[in-house]
Every structure is written in structure tokens, then in C-alpha cells.
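Work through the exercises below with the sequence and the model side by side. Try each task before reading its solution.

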Amino acid sequence: MKLSFSEVKSITVGSVESYEDASGMHFAKCTKKQVDGFRAFSETLAVNATATTGVRLDFHTNSKSFSFGASSGARFELYINGVFTDYVLWRGDDEKVFSKAIATGKDENRITLFFPSHDAPGVLSFVELDDGATFAPHVFDCKIFFIGDSITQGWESTYDSLSYANRTSEFFNADSVIQGTGGAFFHESIFDEAVDYDPDVAIVAFGTNDWGHFSSHDELREAARAFLDIFAKRFAGKKLFGISPIWRGNADAPRATGAFCEVCDTVKQEILSHGLVLIEGETLTPSIPDFYSDKYLHPNGLGFGIYAENLCKILKNYI
């Protein structure tokens, strides 16, 4: 049986806006206002904002098969009962249909399908289970909102589901929205106070792109302050965290905003002055190039694992 859009929507996590049209079922991590805010800076930022980062189906079913089709999106990753079992990589004119027999010996299984976190967003053309099968959304213990740059988006994590934000969400059994956008930086226009999501925890992680984006240190400070003003106000009463930039292998390069360590110090000051719990990014990942895909900035799969493990150790004291 093929599920209706409303049924698929009921088992979808990580989306703040959704709709159905002739091309399929669409889900978005960012609002239109946010995408437009990014587009004012560059089309590349807008594309990164429309990727379906953190969007996934997550449900329990007694069906012995699971199938889906996609009209857009290159790679989807499938977990059964929390175990990574398959990934689908479509290129060009490949037929975008995937079917999986579920032979676990269990009466009911948890199915988690991660959408593509980069490039073209994942758009589903159908989701199909056995005729008469039961299905129900997974029940989570809490809700976490993430917003940040390419590191929060999970660039170079090898597999999208293994980003630090996805791993942290799974550790806490958390429903989450992951607004990681490659190239992003502090700016009030890329946050939407009207976002339809009510988290228990909200985490912001900007700063590394800010070092090269702004024309002066004062401009960077004001942008961070303006963003955190509305972020803290929107999520007042929630558990709020700010992650300062993680290690960079090219931190000695000259920038108009000053030394990288000075930028990190300013980000930390603004996080603290806005009442967020500060998590010092340099304590989360090793300062060893082998843990980064590009040897200086983006953690690889192993580096993201260490990032998530260390972050979860800290968050456990609060969540």
C-alpha cells in the first residue's frame, strides 16, 4: 500500500515546512524566509539552505518490505532498528526507486530513512509498505534545534547520517531540526523567529566562516550580537547552547577580522553574554589533520564521531 502525503508527513522528522505537488512530497529544514535571507548573500548559500539536511522518515511497522521512490535527491541512507543497512546513490537518469525486504525475524521494526543533506533536496514520489501493514511514528524523548554552518550540515562526514548533529539526535532519542548550511555565518536575516518548531534544546554553532566573511572585527561582533539577540528571545525558557568554532588548521592566515583565536574569543563572549551555555569548540575535535577530510576544517566520519561523543558528554549534564 502506498502512503498518502499526510501519512508520510506524520512519520517525517526534521522538517519545518512541507507540501505536495506534481513532482512529489517536499520537506524543508529552513523556512522560505530563511532561504531568501541566504539568497540575498549568494545563490550557493540558498542552495545549501534548501538541502534536506536532517530530514528523515522514522517509524515502526510490521511490514516485511519497504519501498520508496524519489523525484529528486542523490543519496538516501536506510537504518533498520538503529543499524545502518543500505544507502542509495542515484546519478543522472538512474531509476529512483528502492525496495528492501525486512527479514529481521521481529514482528515490528523501526525504519529510519535519512534524506540527502547536500545539493538537490530529497523529494519523495511514493512510500510503500505491505498491504494492510501497521505503521506509527517513532516516539522521541526530547526535541533539539540545531543551527550552524557546513559543520552542522555534516559536510564531508562520509555518510550524511553520521554528522555530529544526527549522531547527537540519535544519542538523546531526539526529534530534531538541523539547519546546518554550508558557508553560513552569524546574521539576523538567516533566522526566522516564526519557525514552526518548539524544541526543548536549541544549539547554535557559527564562527568559522565569520572569520573570513566580515570586513572587520567590530562588524563580526555586531552580527553575532544581533543574531543571538533574536535567537535567545525566540527560544527563551529553553535550554540554550552555543558552540564556538572547532579547530582550524589554517588559523594563522591573516584576515580582516583579526586572528582566528580573537574571533573565537568574541564568539564565546557573545554566547555567554546572551545567557547561553558555552561549549568550547576546540575541546570537541582533535587538532590533528587526519581527523579532517580536507586536513584543516571539515571533520571526516571519524572526526564527526569524536565531535558527537564529546558533545553528548557535555549535553548529558543538562538534558
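The exercises go from the whole chain to single residues; the model is a predicted one.

**Exercise 1. The whole chain**

Task: Find what radius of gyration a compact globule with 319 residues would have, and set the value of the protein chain beside it.

Solution:
- Step 1. A compact globule with 319 residues would have a radius of gyration near 20 Å.
- Step 2. The protein chain has 20 Å, which agrees with that expectation.
- Step 3. For the extent along the principal axes, the C-alpha trace spans about 60 × 40 × 35 Å.
- Step 4. The chain holds 9 helices and 16 strands, and 54% of its 319 residues count as buried.
- Step 5. Take the contacts between residues at least 6 apart in sequence: 79% of them join residues at least 24 apart.

**Exercise 2. The surface and the charges**

Task: State how much area the protein chain exposes, and how many positive and negative side chains there are.

Solution:
- Step 1. The exposed area is about 13,000 Å², and carbon and sulfur atoms supply 50% of it.
- Step 2. There are 28 positive and 44 negative side chains.
- Step 3. The centres of these two sets lie 3 Å apart.

**Exercise 3. One face of a helix**

Task: Which residues of helix α3 are buried, and how are they placed around its axis?

Solution:
- Step 1. Helix α3 covers residues 43–50, and its buried residues are Leu45, Ala46, Asn48 and Ala49.
- Step 2. Looking down the axis of α3, these buried residues fall within an arc of 160°, so they line one face of the helix.
- Step 3. The buried residues of α3 pack against α2 (32–39), α4 (150–153) and β13.

**Exercise 4. Two loop residues**

Task: Decide whether Lys29 is buried or exposed, and do likewise for Phe172.

Solution:
- Step 1. Locate Lys29 in the loop between β3 (24–28) and α2.
- Step 2. Residues under 20% relative accessible area count as buried; Lys29 has 0% relative accessibility, so Lys29 is buried.
- Step 3. Lys29 and Val177 are 148 residues apart in sequence, yet their C-alpha atoms are 6.5 Å apart in space.
- Step 4. Locate Phe172 in the loop between α5 (164–171) and β13 (174–180).
- Step 5. The relative accessible area of Phe172 is 10%, so Phe172 is buried.
- Step 6. Leaving out residues up to four places away in sequence, Phe172 touches Asp141, Cys142, Ile144, Cys312, Leu315, Lys316 and Ile319.
- Step 7. Between the C-alpha atoms of Phe172 and Phe140 the separation is 8.5 Å, with these positions 32 residues apart along the chain counted as their distance in sequence.

Conventions:
Residues are numbered from 1 along each chain as its sequence is written. This is a predicted model: local features need pLDDT of at least 70, side-chain atom pairs count only at pLDDT 80 or more; totals for chains, interfaces and linings use all residues. Side-chain values use heavy atoms; hydrogens and water are left out. Helices (H or I, at least four residues) and strands (E, at least two) are DSSP runs, numbered from the N terminus. The radius of gyration is taken over C-alpha atoms; the globule rule is 2.2 Å times the number of residues to the power 0.38. Buried means under 20% relative accessible area, exposed over 50%, partly exposed in between (1.4 Å probe, protein chains only). Contact means heavy atoms within 4.5 Å. Accessible areas come from the Shrake-Rupley method with a 1.4 Å probe; for residues, only the protein chains shown count as cover. Lys and Arg count as positive and Asp and Glu as negative; His and the chain ends are not counted. The place of a charge is taken as NZ of Lys, CZ of Arg, CG of Asp or CD of Glu. The arc is that of the directions from the helix axis to the C-beta atoms.
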